[in-house]
Amino acid sequence: TEGYQYKIVSSAQDLSNPANGEVNVTTVSFVVDRSTPIIAFSVPASSAVYISTANFTFSSGTVSDLLIAPGNTPSGVSNVYVKLQDISGSIPGGCAGPCAWWNGGTWQGTVASMTATLHTTSWTFASLGADWTRGGSNEDGRRYLMSVWAKDRAGNEGYAPADRTQSTTLILDVAKPLSGIVSPAGPDDSIRSSLATITGTAADVLVNASSSSIRAVYISLQS
């Protein structure tokens, strides 16, 4: 039954009378685990997130092996794996095919998976590249698919027996937003008797049909 730990004890006895019985018995313990571990992202915290060229070099999350009642004894998580794929419309070449897969140090043309650092109930991965432009100068809208999954000591992994792989889409935004002042209107050094409000405009310019939108607008007053 899944979720239970069992112990097998082997003890031999011969045909003599009285019988001689084995003193140092042999034992083997094992856990029945047929459930795929659960994994989740903490960083990034959503299923789609905008990144800039240098602000996303680290990812993390939580992981656990299912407790199946009434035994509630899991085999335990052994590994967490990471895949990062460039899924943009145009992918740089230079290797065996389009260089779409990150291997922890460079981009390659064949599928690559990497191993995250496993903690008691969490995982971390710090081998993400700092430059997501892939060498281009106008790469807004470039998209990446990052997937993570766990494997337990019983060999249950990723898609089997249940699909517990988690994925997030990373969308590149390197264009700087624009802002302007509407009120008070120019020109500079104009004279006013009072100023109740300051208003203006702000926009994150669409480049290649992509924009992360405005987070905040900051103003400063200097006398």
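Biologist: Is M114 buried or exposed, and how should its relative accessible area be read?

Modeller: This is a predicted model, and the value is computed from it. A residue counts as buried when its relative accessible area is under 20%. For M114 the relative accessible area is 6%, so this residue is buried. M114 belongs to strand β9, which covers residues 114–115.

Biologist: Which residues is M114 in contact with, leaving aside its neighbours within four places in sequence?

Modeller: The contacts of M114 include the run V80, Y81, V82, K83 and L84. W102, N103, G104 and F125 are also in contact with M114. One pair shows how sequence and space can be read together: M114 and V80 are 34 residues apart in sequence, and their C-alpha atoms are 8.5 Å apart.

Biologist: How many residues does the largest nonpolar core have, and which have the most contacts inside it?

Modeller: The general idea is that nonpolar side chains tend to be buried together in soluble globular proteins. Here the largest nonpolar core has 23 residues, and L84, W123, W132, M146 and L170 are those with the most contacts inside it. Two or more residues each come from β3 (38–43), β6 (77–86), β11 (122–125), β12 (143–152) and β13 (166–172). Strand β12 gives the largest share, four residues. W132 may serve as an example: residues up to four places away in sequence aside, W132 touches I51, S52, T53, F56, L84, R142, Y144, L170 and L172.

Biologist: How many helices and strands does the secondary structure of the chain come to?

Modeller: The chain has zero helices and 15 strands. Its radius of gyration is 29 Å, well over the 17 Å that the globule rule gives for 223 residues, so the chain is more spread out than a compact globule. The C-alpha trace spans about 115 × 50 × 25 Å along its principal axes. Of the 223 residues, 28% count as buried. Among the contacts with a separation of 6 or more, 64% are between residues 24 or more positions apart.

Biologist: Where is A12 found?

Modeller: A12 is in the loop between β1 (5–10) and β2 (26–31). Values between the buried and exposed cut-offs, 20% and 50%, are called partly exposed. A12 has 47% relative accessibility and therefore counts as partly exposed. Residues up to four places away in sequence aside, A12 touches N20, G21 and E22. From A12 to G61 there are 49 residues in sequence, and the C-alpha atoms of the two are 49 Å apart.

Biologist: Which peptide bond of V43 and which of A69 is cis?

Modeller: Most peptide bonds are trans, and most residues other than glycine have a negative phi. The bond from V43 to P44 is cis, with omega near 0 degrees, and P44 is in the loop between β3 and β4 (48–51). A cis bond also joins A69 and P70, with omega about 0 degrees; P70 is found in the loop between β5 (59–64) and β6.

Biologist: What phi do N72 and D189 have?

Modeller: N72 is not a glycine, yet has a positive phi of about 55 degrees. N72 is placed in the loop between β5 and β6 and is partly exposed, at 38% relative accessible area. D189, also not a glycine, has a positive phi of about 65 degrees. D189 lies in the loop between β14 (178–183) and β15 (199–203), and its relative accessibility is 77%, so D189 counts as exposed.

Terms used. Residues numbered from 1 in each chain as written. Predicted model: local features only at pLDDT ≥ 70, side-chain atom pairs only at ≥ 80, totals over all residues. Heavy atoms only, no water. Core = buried A, V, L, I, M, F, W, Y, C linked by side-chain atoms within 4.5 Å. Buried < 20%, exposed > 50% of the residue type's maximum accessible area, 1.4 Å probe, protein only. Contact = heavy atoms within 4.5 Å. Rg over C-alpha atoms; globule rule 2.2 N^0.38 Å.
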